Amino acid sequence: MSLFREPRAKKALFIVAALLVLAALPFAQQAKKPKVLQSTNPELRFKGFEDYKAMQAASKFKDLKWQFIGPTNISGRVTDVAVVAPKGKSYTIYVATASGGVWKTENEGTTWAPIFENQVSAAIGDIALAPSDQNTIWVGTGEHNIFRSSQAGVGIFKSTDGGKTWTHMGLSDTNTIARIVVHPTNPAIVYVAAGGHEWTTNTDRGVYKTVDGGKTWEKVLYVNDETGAYDLVMDPRSSDTLYAATWQRTRRKWNDPRTEASHTGSDIWKTTDGGKTWTAINTGLPEARRRGRIGIDLCLTKPDVLYALVDNYEISREPTPQEITDSYGVPSSGFIKGATVYRSDDGGANWTQTSGLTPQQKSIMERHSGTYGWVFGQIRVDPNDPNTSYIMGVPFSVSTDGGKTFARLPGPGADHHALWIDPDNSNYLLKGFDQGVAVSYDKGKSWKYFQDGLPVCQFFNVNFDMGTPFKVYGSMQDHGSFRVPVDLSRGRDRIPAQKFENAPGGEGSNHAIDPTNPNLVYSAGFYGAISRAEYDKPGEYPGYPFTKELLPVLYENEPPLRGQWLAPFILSSHNPNIIYHGMQYVFRSLDRGDTWDKISPDLTTNDPATRGDIRYQTLFTISESPIKYGLIYAGTDDGRLWITKDGGKAWQEITAGLAPGKWMSRVIASVYNLGTVYLTQNGKRDDDFTPYVWKSADYGKTWTSIAAGIPVGPVNVIREDPVNEKILYVGTDMGAYVTTDGGKTWMALGGNLPTAYVHDLIIHPRDNIIVIATHGRGMWALDANAVNNKSARRRFYFED
């Protein structure tokens, strides 16, 4: 039973959630609990990056150019902003993004340029300018908003020329950096709030200080190996006086990083001697085990006034019968207070709760962080008015009465993470949120949304249809599902970037398109919900296709289903009316999803001890042999892989020889040889960046690693080439790779791809175009003719 916040999901999601409550299945086959491996040494990640850049320069395919195809009308998650002051003399803004690097504009957002796109990590936690030299920029890597799309960093970087060049300045194993504070007059003195590893414990977390411009660092505040620093603010009267917020959190594969009864590390701290000594200042705050993530700020013109935004786990009320499960289907043991604002008027010595003290305000604050308050933790105080403060959550809200009442400010976007207020003009607000960045010149009454020019959207996947021109489909974090035609009319090396249009599905949806009818589109997501959209039939609303929900129906006495955020499903290559859909079981439909048969037992470990807020112990990848109907492979998120040779009558586990317990990210049955199968595993959720790529020539009885030569992982996808059986493609969190000798050697694919998390990859079998879906830089395409020699191309059954 988990604590949760007021749900904000759509009505359809509630219906799905009711069917997807976590449950144990008594007849599941048990496997030995895998041993969790140690996290990857950051020096190996740096070496992997250096090897990757060398591979790009030396690759046989270095002259092949990736072409950005969009979207041009959608941006992505912004984690921080920094502005060159004073405004009016400069129009330079820097934007830090979740997994698309750092971007710069010198003309107030008219145009943007990437300035941090070829580094070892593109995941940014914070950015700060030195007040005394604003060409000196500090970038902390690793997103601190711990969520499904957060990626690990490798420490802190510095530029002294406005972002033209960068130098790594250490803190490599912190993995997440939440705040950087630079001394007002001495740019060599810098403080860093480091969150530490996302998935594993480590000691490289807390508050760090350098007095020599980053050459050396001293850890000046440390609590324990689960507790990191997540906010930091300096008193403008004395640079030796700082306030820090720490957060004790453990993220598991089956649980978000929520406060636990044994936690004691979520505190507010104060130093008056430049970090030599720290004092906990929690008087008036909730007890430690009820404190989650904390954001802090002070008023620059009245710095004894501080505010704290606490993710408060005190129980607020019991759920109604209609609220018995949250928006992700998890049973509730009560609504927590959630976003709670506290104020201090004496430099943090005493805190008083100001928000949520009336029934109306209580309801507003309960809902403010949705079901995931640990993602936010940001509060800002008007530098010129101690009674005006802003809090970031699902909405963006303001209080003008000292934190007593908060009202939502209208404007673009949701899920807010960053705010800069001009100290010389409090009407100027620059905010960052899940869908990009926007500026207000009238204190939030109206906004200019920089939607174009910041193409940093985070795709999870890509698939294609067989229309002319063919379309690609994908779902992206924080937005939904989209599609676009790949325009080859100007030439295969001049594919334009385009606006994408909405497609069936949500922000976490896989897609499959009937190869004989591009108007028939299937999508699955939101933990297993699956639907069929028919574009040649009118839908419920004008301009929308007819859509039918297809989730398999259970008997009343059957345990509920559990499915991954990106639940896997495929259309059979032998008959596109046949669908395989993965939850904890494999389901098969022979009639386009109208009816279903369960053709497997629970294929996961089904361990009650590893069941929580997040869907886990589910299927993540399914593949059917294109050569033999009913020869099916299925892989789980908890490290199990299975085969059936008879359409599901009997299943055999084929995990032996693979990396124990690692997420099965993609399994592919060969189109060329009946017994050949390829597999990738992903160690991200153990902070493991080892590349895992496997081949079996005997239906999975034995496995051979073919990862040698891929410099670093995690690995997300493997594909066979549709022309040449010795050509394989792999997508990793450090680019795309190709082998032309069956995995003996690997080359970087293309010479111009920025640092990108390649989450998925397709090769269109008719048009011979490769398209990758990146998590942070949109979609890119590449002409495969030079890779596989199009003249030898095979024909597929749906081209007859």
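**Helix 2, cavities and local backbone features in a predicted model**

The buried residues of helix 2 are covered by elements that include strand 10 (167-168), strand 53 (735-739) and strand 54 (747-748). The model described here is a predicted one, and every value in this passage was computed from it. The buried positions of helix 2 are Pro42, Arg45, Phe46, Gly48, Phe49, Tyr52, Met55 and Gln56. An α-helix has 3.6 residues a turn, so residues three or four places apart point the same way. The helix comprises 17 residues (residues 42-58), for which a span of 24 Å is expected at 1.5 Å a residue, and this agrees with the 24 Å that separates its end C-alpha atoms. At the start of helix 2, a side-chain oxygen of Asn41 comes to within 2.7 Å of the backbone nitrogen of Glu43.

Strand 53, one of the elements that cover the buried residues of helix 2, contains Gly735. This glycine has a relative accessibility of 0% and is therefore counted as buried, the cut-off for that class being under 20% relative accessible area. Apart from its neighbours within four places in sequence, Gly735 is in contact with Tyr52, Val730, Leu753, Ala756 and Val758; Tyr52 is itself among the buried residues of helix 2. Between Gly735 and Ala748, which are 13 residues apart in sequence, the distance from C-alpha to C-alpha is 7.7 Å.

Six cavities of 30 Å³ or more were counted in the model, and the largest cavity has a volume of about 140 Å³. Its lining is made up of 15 residues, of which Arg45, Val120, Phe689, Asp733 and Tyr757 lie nearest the centre of the cavity. By character, the residues of this lining divide into eight nonpolar, four polar and three charged. Arg45, which lies in the lining of the largest cavity, also belongs to the buried residues of helix 2.

A further buried position is His416, in strand 27 (residues 416-421), which is classed as buried because its relative accessibility is 1%. Its side chain takes part in a polar contact of 2.9 Å with the side chain of Lys431, and the side chain of His416 also reaches the backbone oxygen of Val394 at a distance of 3.3 Å. When residues up to four places away in sequence are not counted, His416 touches Phe376, Met392, Gly393, Val394, Pro395, Phe396, Lys431, Gly432 and Phe433, so that both of its polar partners, Val394 and Lys431, appear in this set of contacts.

Two loop positions illustrate contrasting accessibility. Val456 is located in the loop between strand 30 and strand 31 (463-464) and, with a relative accessibility of 2%, counts as buried. Residues up to four places away in sequence aside, Val456 touches Ser75, Gly76, Thr97, Gly100, Trp103, Gly776 and Arg777. Val456 and Gly153 are 303 residues apart along the chain, and their C-alpha atoms are separated by 17 Å. Ala708, by contrast, is placed in the loop between strand 50 and strand 51 and is exposed, its relative accessible area being 57%. Leaving out neighbours within four places in sequence, the contacts of Ala708 are with Lys744 and Trp746, while Gly506, 202 residues away in sequence, is 36 Å from Ala708 in space, C-alpha to C-alpha.

Most residues other than glycine have a negative phi, and most peptide bonds are trans. Against this background, several positions of the backbone may be noted. A cis peptide bond, with omega about 0°, joins Ala85 and Pro86, and Pro86 lies in the loop between strand 3 (78-83) and strand 4 (93-97). The peptide bond from Gly713 to Pro714 is likewise cis, with omega near 0°; Pro714 is situated in the loop between strand 50 (704-705) and strand 51 (715-720), the loop in which Ala708 is also placed. Lys443 is not a glycine, yet its phi is positive, at about 65°, and it lies in the loop between strand 29 (436-440) and strand 30 (448-449). With a relative accessibility of 31%, Lys443 counts as partly exposed. Arg592, in the loop between strand 41 (586-589) and strand 42 (597-598), has a positive phi near 65°, and at 24% relative accessibility Arg592 counts as partly exposed.

Technical notes: Residues numbered from 1 in each chain as written. Predicted model: local features only at pLDDT ≥ 70, side-chain atom pairs only at ≥ 80, totals over all residues. Heavy atoms only, no water. Helix = DSSP H or I, 4+ residues; strand = E, 2+ residues; numbered from the N terminus. Buried < 20%, exposed > 50% of the residue type's maximum accessible area, 1.4 Å probe, protein only. Polar contact = N/O pair within 3.5 Å; in protein donor to acceptor, adjacent residues only side chain to side chain. Contact = heavy atoms within 4.5 Å. Expected span 1.5 Å × (residues − 1). 1 Å grid on protein atoms, 1.4 Å probe; cavity = no way out; pocket = protein on both sides within 12 Å on 5 of 7 lines; lining within 4 Å. Points joined across faces, edges and corners; volume = space filled by probe spheres on them. Nonpolar A, V, L, I, M, F, W, Y, C, P; charged D, E, K, R; others polar.
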